[in-house]
Amino acid sequence: MVKSINFLLLLSLLAFVPSCHCKKKIGGYLYPQFYDGSCPRAQEIVQSIVAKAVAKEPRMAASLLRLHFHDCFVKGCDASVLLDSSGTIISEKRSNPNRDSARGFEVIDEIKSALEKECPHTVSCADILALAARDSTVLTGGPSWGVPLGRRDSLGASISGSNNNIPAPNNTFQTILTKFKLKGLDIVDLVALSGSHTIGNSRCTSFRQRLYNQTGNGKADFTLDQVYAAELRTRCPRSGGDQNLFVLDFVTPIKFDNFYYKNLLANKGLLSSDEILLTKNQVSADLVKQYAENNDLFFEQFAKSMVKMGNITPLTGSRGEIRKNCRGINK
Ligand code: HEM
Ligand SMILES: *[C@@H]1O[C@H](CO)[C@@H](O)[C@H](O)[C@H]1NC(C)=O
Ligand SMILES: *[C@@H]1O[C@H](CO)[C@@H](O)[C@H](O)[C@H]1NC(C)=O
């Protein structure tokens with residue numbers, strides 16, 4: 001009798017092991033409570049500095065959200081995007097998607113230095129990026145989620161990875177979907193995460209082709225609303241004005257909401273990569289329509305897809321390091 005009870009106890013204990021212990025104890029997994037013991041105030045410190053930066057400049061929320069994306073698509077979420085050039089390291093900041101475009105590095109520096117004071121050599125730059133992306137989303141009115149933590153920082157950068165893995169705004173639908181699939185993300189993630197373009201800016205150079213010569217026949221992109229296109233041309237001429245800034249969501253440019261999708265339905269998506277979610281694939285078009293109709297559904301999927309993106313091949317355990325300064329590897 002006693003033996004059989006013990007046996008049952010053992011069985012029930014075994015049944016528990018895979019669902020809980022492995023995630024917490026074995027390296028390779030991220031979990032939201034990672035710093036609860038080692039740096040309990042980490043998340044509130046990140047939040048307060050992001051909040052201050054966004055209050056000063058609303059666009060900063062968009063810039064920080066994008067940094068996490070540009071980090072994760074290159075060698076995984078390992079803060080490789082934050083490294084400056086030095087020694088053998090060629091900074092990803094010089095790549096096509098990042099040059100004259102990626103920003104927010106000073107805010108990350110400020111967070112890092114506050115965290116080094118609070119708990120030296122503990123919180124990774126890669127986790128700071130993941131937390132700042134979540135906080136930026138919440139601060140602009142978007143959904144919240146628990147951020148799995150425990151990433152470590154890379155010992156190198158990849159400018160070729162930055163040029164090749166991050167989709168370009170004039171890539172075809174298929175190319176963009178393939179670039180997502182190579183990172184373990186699917187068409188649902190693609191449509192939901194593109195909803196990030198509900199906040200932030202784009203330079204003229206990122207969409208000029210649509211205004212003048214979309215397919216090389218000297219004509220504008222016919223999937224772009226003509227009145228909207230004419231307005232864009234006034235500040236995005238055929239040549240010059242490359243760096244002129246435009247809001248990605250012209251209705252609610254600094255609010256995280258589903259107007260991005262509503263704009264696509266009105267043929268007023270700014271980037272070609274935005275509008276093709278509606279015009280080139282039935283599955284993604286259906287998702288665009290669903291998110292345009294149902295903000296809660298968009299928010300729910302956005303949160304899920306952000307966690308999924310944040311899980312792209314992190315360095316964990318003893319791989320990589322905890323940088324002291326996010327711009328360089330430790331001496
Ligand atoms: C699906 C493929 C994507 C393409 C082709 C793309 C392309 C771009 C381009 C060209 C810009 C404007 C850059 C400039 O002109 O300076 C931009 C801005 C932005 N992107 Fe994306 N993006 C994509 C997906 C994403 C994802 C997955 C996220 C986040 C999860 C994201 C977040 C942002 C944000 C927030 C901005 C505004 C940044 C700022 O104002 O500083 N994008 N994107
Ligand atoms: C996409 O844009 C880049 C940079 O402006 C340009 O070099 C390239 O030719 C464009 N590709 C297509 C297919 O239009
Ligand atoms: C449009 O692009 C094509 C190919 O890139 C080029 O040959 C042509 O001259 C351009 N037309 C105009 C009007 O810019």
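Here are five short exercises, each with a worked solution, on a predicted model.

**Exercise 1: two domains**

Find the two domains of the protein chain and work out which helix gives the largest share of the side of domain 1 that touches domain 2.

*Solution.* Start with the bounds: domain 1 runs over 42-165, and domain 2 over 173-309. Next, look at how they sit: their C-alpha centres are 23 Å apart. Now go to the contacts, where 21 residues of domain 1 meet 18 residues of domain 2. On the domain 1 side, helix 4 and helix 6 (125-139) each bring at least two residues. Helix 4 gives the largest share, with 8 residues. To finish, sort that side by class: you get 11 nonpolar, 7 polar and 3 charged residues.

**Exercise 2: around ligand 1**

Describe the shell around ligand 1: which residues come nearest, and which helix gives the most?

*Solution.* The shell holds 25 residues, and those that come nearest to ligand 1 are Ser63, Ser101, Ser196, Gly200 and Arg203. Then ask which elements they belong to. Helix 4, helix 9 and strand 1 each supply at least two residues of the shell, and helix 4 gives the most, with 6. Now check the domains: domain 1 and domain 2 each provide at least three residues of this shell. So helix 4 turns up twice in our picture, giving the largest share of the domain 1 side that touches domain 2 and the most to the shell around ligand 1. By class, the shell has 11 nonpolar, 10 polar and 4 charged residues.

**Exercise 3: an annotated histidine**

Locate His197, which a UniProt annotation covers, and decide whether histidine 197 is buried or exposed.

*Solution.* First, the record: an unreviewed UniProt entry has the annotation "binding site" at His197. Second, the place: histidine 197 is in the loop that joins helix 9 (187-194) to strand 1 (201-203). Third, count neighbours. There are 23 C-beta neighbours inside 10 Å of histidine 197, and the cut-off for buried is 20 or more, so histidine 197 counts as buried. Last, set aside neighbours within four places in sequence; histidine 197 is then in contact with Leu248, Asp249, Tyr260 and Asp274.

**Exercise 4: two unusual phi angles**

Compare the surroundings of alanine 79 and asparagine 267: is each one buried or partly exposed?

*Solution.* Begin with the background: most residues other than glycine have a negative phi. Alanine 79 isn't a glycine, yet its phi is positive, at about 65 degrees. Asparagine 267 isn't one either, and its phi is positive too, at about 60 degrees. Both sit in loops: alanine 79 between helix 4 (59-72) and helix 5 (105-118), asparagine 267 between helix 12 (259-265) and helix 13 (272-279). Now count again. Alanine 79 has 30 other C-beta atoms within 10 Å and is buried. Asparagine 267 has 18 within 10 Å and is partly exposed.

**Exercise 5: helix 6**

Work out how the reach of helix 6 compares with the expected span, and how many of its residues are buried.

*Solution.* Helix 6 has 15 residues, and the expected figure at 1.5 Å a residue is 21 Å. From first C-alpha to last, helix 6 reaches 20 Å, which is close to that. Next, the burial: 13 of the 15 residues of helix 6 are buried, so the rest of the structure largely encloses this helix. Finally, see what comes after: glycine 141 follows helix 6 and has a positive phi, near 105 degrees.

Definitions and conventions
Residues numbered from 1 in each chain as written. Chains lettered and ligands numbered in written order. Predicted model: local features only at pLDDT ≥ 70, side-chain atom pairs only at ≥ 80, totals over all residues. Helix = DSSP H or I, 4+ residues; strand = E, 2+ residues; numbered from the N terminus. Buried ≥ 20, exposed ≤ 12 C-beta atoms within 10 Å, placed from the backbone. UniProt positions renumbered as here; feature names shortened; annotations may be inferred. Contact = placed C-beta atoms within 7 Å. Domains from an automatic or database assignment. Nonpolar A, V, L, I, M, F, W, Y, C, P; charged D, E, K, R; others polar. Near = placed C-beta within 6 Å. Expected span 1.5 Å × (residues − 1).
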